[in-house]
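Student: I am new to this structure and should like to work through it step by step. May we begin once it is displayed?

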Amino acid sequence: MRHTQGPMSQSKSQKTAVILLAAGLGKRMFSSLPKVLIPVCGRPMIFHILDRVQEVLPGSRVAIVVGHQKELVIQRVREEGYSKLNIEFIHQVEQHGTGHAVKCVMDTDWGKVAVAEKENCLILPGDLPLITSELIHEITLPLIRGSALRLLTAVMRDPFGYGRILRKGKSGPVIRITEEKDATLREKLIQEVGLSIYLFQPGFLSVGVKNLKNKNAQQEFYLTDLIEMAAKKKRTIETLTWAREEDVRGINNPYELSQVCDNLNERMLKQHALKGVRFLNLKSVRIEPSVKIGTDVTVYPDVILEGKTEIGSGVTLGAQVYLKNCVVGKNSEIKKGTIAEDSIIENDVKLGPYAHLRPESKVGAHSKIGNFVELKKTTVGEHTSIAHLSYLGDAEVGSRVNIGCGFVTCNFDGRLIDGQRKHKTTIEDEVFVGSDCQTVAPVILRRGSYIASGSTITEEVKEGELSIARSRQVHKPGYATKLKEQK
Ligand code: UD1
Ligand code: CA
């Protein structure tokens, strides 16, 4: 995976503190969100990075440089917790470049502590969300005595936009990094790039950022200029060259964002596939990193799984199934085109095709919710069948209930009563509802009752009762024949 330069002898344990650069506007993203909060596969960019930092460097001090919409960034990071990290936010009032951002940190007490405590400073940009734990582990290994820094590089098929690594000779020591906007045509051909990931010896860093100049195309203080500074002072620059390009792809525009999302998705699919999920068409499936899947699961094409979704073992997910924040029990079968959100589906359930579970619904074990059935805030017991063309909202349905085709809980009367617009329907265990019935809520169908087809039920039906609520059939012998003769 890596290739290091320099003697392999390393001093024993060294502490690491982290500086995360997150003050930039991200103008090229055209988003109202600050760049680091833009979601990558459903999770803000910066969280992907902090997740990895927390994994590899628990207990470490982390300075997050904030500027654009800092209140929002601070709020979202605080909400997320990160209780194992010691996070401090440092305000970069005006954004004068990556070197200036780091100077803002090193000038504060945070920076002074890093120097006094000899904490190596790991610099991470806020826009490389696919960095792996392995990468953080390797870049933060102890620095060789006398090193100014360790620099992460990668060879990119398309290096456009990245700082290019200039070496002495073809593969000698690094002497400088040149930014895209400052590079000569010849330099632009270089495919080895810097990624804004470094491990700095803290003394070198804190003095170095004070001496940066902004004489360049963007009139910014470039952190990359510290490389030339170290080289000129004959300090050792260790390099770590990362072979897996997709781990270190930056996001500078919406196109790169979608490429990075694709890469992360691919990584997720691979992990699941290696743990026993069978994908019938890998390329078409989207699975967010927050999703958990058991073994022996089959996933048909075009499935999308989002949020805190958990899929039990032995489940089959048909084509075009979309689940968000759903728990699916073992051996359940979710057929084509089913959509479910914030719902619980227990073991051995059959859903769909084209069922729709809206938030706060729950389907008990061995139940069946068939085609074109919509549930909203509805609980269904075990061994119950609602097989065709029905709507149940704000309802509680018991176990071993059978609901025929075309049933509707009329839960909304257009008025606001006691702050509630929707009324509740209760259908107790073992009720049988014939086809084409409606219940007008609030209403209760007691245990074991039987509703005849075509009924509109407005009043409580008692235990064991049969209720018919439709007009009687009238017969007029010979009338049809008479009508035909008239024509
Ligand atoms: C930077 C590097 C470039 C490298 C690339 C890799 C410099 C000068 N260039 O370029 O060599 O190949 O990253 O991704 O370092 N930021 C601040 N304050 C600022 C400016 C930036 O906090 O004043 C933050 C941004 O929010 C971002 C990170 O620093 O998270 C990198 O900034 P960005 O503008 O994306 O730098 P690049 O042009 O990509
Ligand atoms: Ca960038």
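Student: In which sense do β14 and strand β17 pair?
Tutor: The model under discussion is a predicted one. Within it, β14 and strand β17 (residues 310–311) are joined over two bridges. The sense of their pairing is parallel.

Student: Which residue of β17 is the bridge partner of Ile293?
Tutor: The strand β14 covers residues 292–293. In β17, the residue that partners Ile293 is Ile311.

Student: Which are the edge strands of the open sheet of nine strands?
Tutor: The order of the sheet is β14-β17-β20-β23-β26-β28-β30-β35-β38, with parallel pairing. An edge strand here pairs on one side only. The edge strands are therefore β14 (292–293) and β38 (443–445).

Student: How many bridges join β27 to strand β29?
Tutor: Strand β27 spans residues 368–376, and strand β29 spans residues 385–393. The two run parallel, and one of the facing pairs is Ile369 opposite Ile386. The number of bridges that join them is seven.

Student: Which residue of β27 stands opposite Leu357?
Tutor: Strand β25 (residues 356–357) runs parallel to β27, and two bridges join them. Opposite Leu357 in β27 stands Leu375.

Student: Which protein residues are the donors of the calcium ion (ligand 2), and how far apart in sequence are the parts that they tie together?
Tutor: The donors lie 2.3 to 2.5 Å from the ion and are Asp127 (OD) and Asn252 (OD1). Asp127 lies in the loop between β6 (120–125) and α5 (133–139), whereas Asn252 lies in the loop between β11 (236–242) and α9 (254–274), so the pair ties together parts whose separation in sequence is 125 residues.

Student: Are Asp127 and Asn252 buried or exposed?
Tutor: A residue counts as buried under 20% relative accessible area. Both Asp127 and Asn252 are buried.

Student: What share of the accessible area of ligand 1 does the protein cover?
Tutor: Oxygen atoms of ligand 1 lie 2.8 Å from a polar backbone atom of Gly163 and 2.9 Å from a polar side-chain atom of Ser196. On its own, ligand 1 has 760 Å² of accessible area, and the protein covers 89%.

Student: Which element gives the largest share of the shell around ligand 1?
Tutor: The elements that give two or more residues to this shell are β1 (16–22), α3 (98–106) and β10 (192–200). The largest share amounts to three residues, and the element that gives it is β10.

Notes:
Residues are numbered from 1 along each chain as its sequence is written. Chains are lettered from A and ligands numbered from 1 in the order in which they are written. This is a predicted model: local features need pLDDT of at least 70, side-chain atom pairs count only at pLDDT 80 or more; totals for chains, interfaces and linings use all residues. Side-chain values use heavy atoms; hydrogens and water are left out. A polar contact is a pair of N or O atoms within 3.5 Å; within protein, one must be able to donate a hydrogen and the other to accept it, and residues adjacent in sequence count only if both atoms are side-chain atoms. Accessible areas come from the Shrake-Rupley method with a 1.4 Å probe; for residues, only the protein chains shown count as cover. Helices (H or I, at least four residues) and strands (E, at least two) are DSSP runs, numbered from the N terminus. Donors are N, O and S atoms within 2.8 Å of the metal (3.2 Å for Na, K and Ca); water is not among the atoms, so sites may look incomplete. Buried means under 20% relative accessible area, exposed over 50%, partly exposed in between (1.4 Å probe, protein chains only).
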